[in-house]
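Let's take a walk through this model together, starting with the ligand and its surroundings. Have the sequence and the 3D view open as you read.

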Amino acid sequence: MRVIKVGTSEEMGAVAAQIIAERMRAKPHFVLGLATGGTPETTYAELARLHAEAALDFSTTITFNLDEYVALPIEHPESYRSFMNTRLFDKVNINKANTHVPDGNAEDVDAHCLEYELWIEDVGGIDLQVLGIGHNGHIGFAEPGSSLASRTSKVKLTQGTREANARFFENDINKVPTHAISMGIGTILEAETLLMLAGKGKADAIAAALEGPVTAKCPASALQLHPDVICVLCEGAGDKLTLEYQP
Ligand code: GLP
């Protein structure tokens, strides 16, 4: 486990984007796993800058997002498809046909979840998966209590997660969807490298994830089972860690 501590969210974005860009340059048809939420925004801004100013090429990149709200129209500004389009896909030379976000409006959700897993398998798996973390230790929308072996499925969002995300829905929790489709913890653990990003307010969640017991009560604690994890932490997110890590 590597832990890189930086000051600001912009510094975190620069470090994370550099790690991703290096890997993308080394491997054509790179399979990049993406996360949403506020935390990775600076990373996506920096990747867009590297595309514009340093010829970072996305033409053969394939992406898979962790999750999507159920029953939120795809054109809603807070759908994760919209988020990815505006923060990254519309700013780089990616082929949108190579970008995958779970379809929260799929008629047969279970069949779609299975299909999503097969798409990942068909391209040889995810090379690097970007992750954020919820205050309760969730990754993607795999909430506490999800099996550590879980696969992509429809999940119920906890009250706390809906409260945390109400800021994206005019601070009205009633507008926050109740369910989502999320990669499972088992799915996430199969990515070659995991790149965890965390900032303000996440110190307790990061300490539980990295140094607490490996338990379904804290889905991110499953990272301790993975052989190649890089955490980039800003704004005090690493302040409650007690062990020594290589940067
Ligand atoms: C969201 C997403 C997660 C994200 C987390 C933290 O609900 N489903 O993928 O990592 O919550 O979000 P933020 O970065 O905005 O704190």
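A residue counts as near a molecule if one of its heavy atoms lies within 4 Å of that molecule. Keep in mind that this is a predicted model. With that cut-off in hand, look at the ligand: 14 residues surround it, and G38, T39, D67, R167 and K202 come nearest. Sorted by class, this shell is made up of eight polar, three nonpolar and three charged residues.

Now turn to the protein backbone, where some polar contacts to the ligand can be picked out. At G38, a polar backbone atom is 2.7 Å from an oxygen atom of the ligand; G38 is also one of the residues that come nearest to the ligand. I133 offers a polar backbone atom too, 3.4 Å from a ligand oxygen. At G140 the partner is a nitrogen atom of the ligand, with 3.2 Å between it and a polar backbone atom. How much of the ligand does the protein bury? Taken alone, the ligand exposes 390 Å², and the protein buries 94% of that.

Where does the ligand sit? You will find it in the largest pocket.

Next, let's look for enclosed space. The structure holds one cavity of 30 Å³ or more, and the largest cavity contains about 50 Å³ of space. To locate this cavity in your viewer, select the residues that line it: T36, G37, Y69, E78, Y80, F83, F168 and F169. By class, that lining divides into five nonpolar residues, two polar ones and one charged.

Methods:
Residues are numbered from 1 along each chain as its sequence is written. This is a predicted model: local features need pLDDT of at least 70, side-chain atom pairs count only at pLDDT 80 or more; totals for chains, interfaces and linings use all residues. Side-chain values use heavy atoms; hydrogens and water are left out. A polar contact is a pair of N or O atoms within 3.5 Å; within protein, one must be able to donate a hydrogen and the other to accept it, and residues adjacent in sequence count only if both atoms are side-chain atoms. Accessible areas come from the Shrake-Rupley method with a 1.4 Å probe; for residues, only the protein chains shown count as cover. On a 1 Å grid over the protein atoms alone, a cavity is a set of points where a 1.4 Å probe fits but cannot get out, and a pocket is an open set with protein on both sides within 12 Å along at least five of seven lines; lining residues have an atom within 4 Å of a point. A molecule sits in a cavity or pocket if more than half of its atoms lie within 2 Å of its grid points. Ala, Val, Leu, Ile, Met, Phe, Trp, Tyr, Cys and Pro count as nonpolar, Asp, Glu, Lys and Arg as charged, and the others, Gly among them, as polar. Grid points are joined across faces, edges and corners, and a volume is the space filled by probe spheres set on the points.
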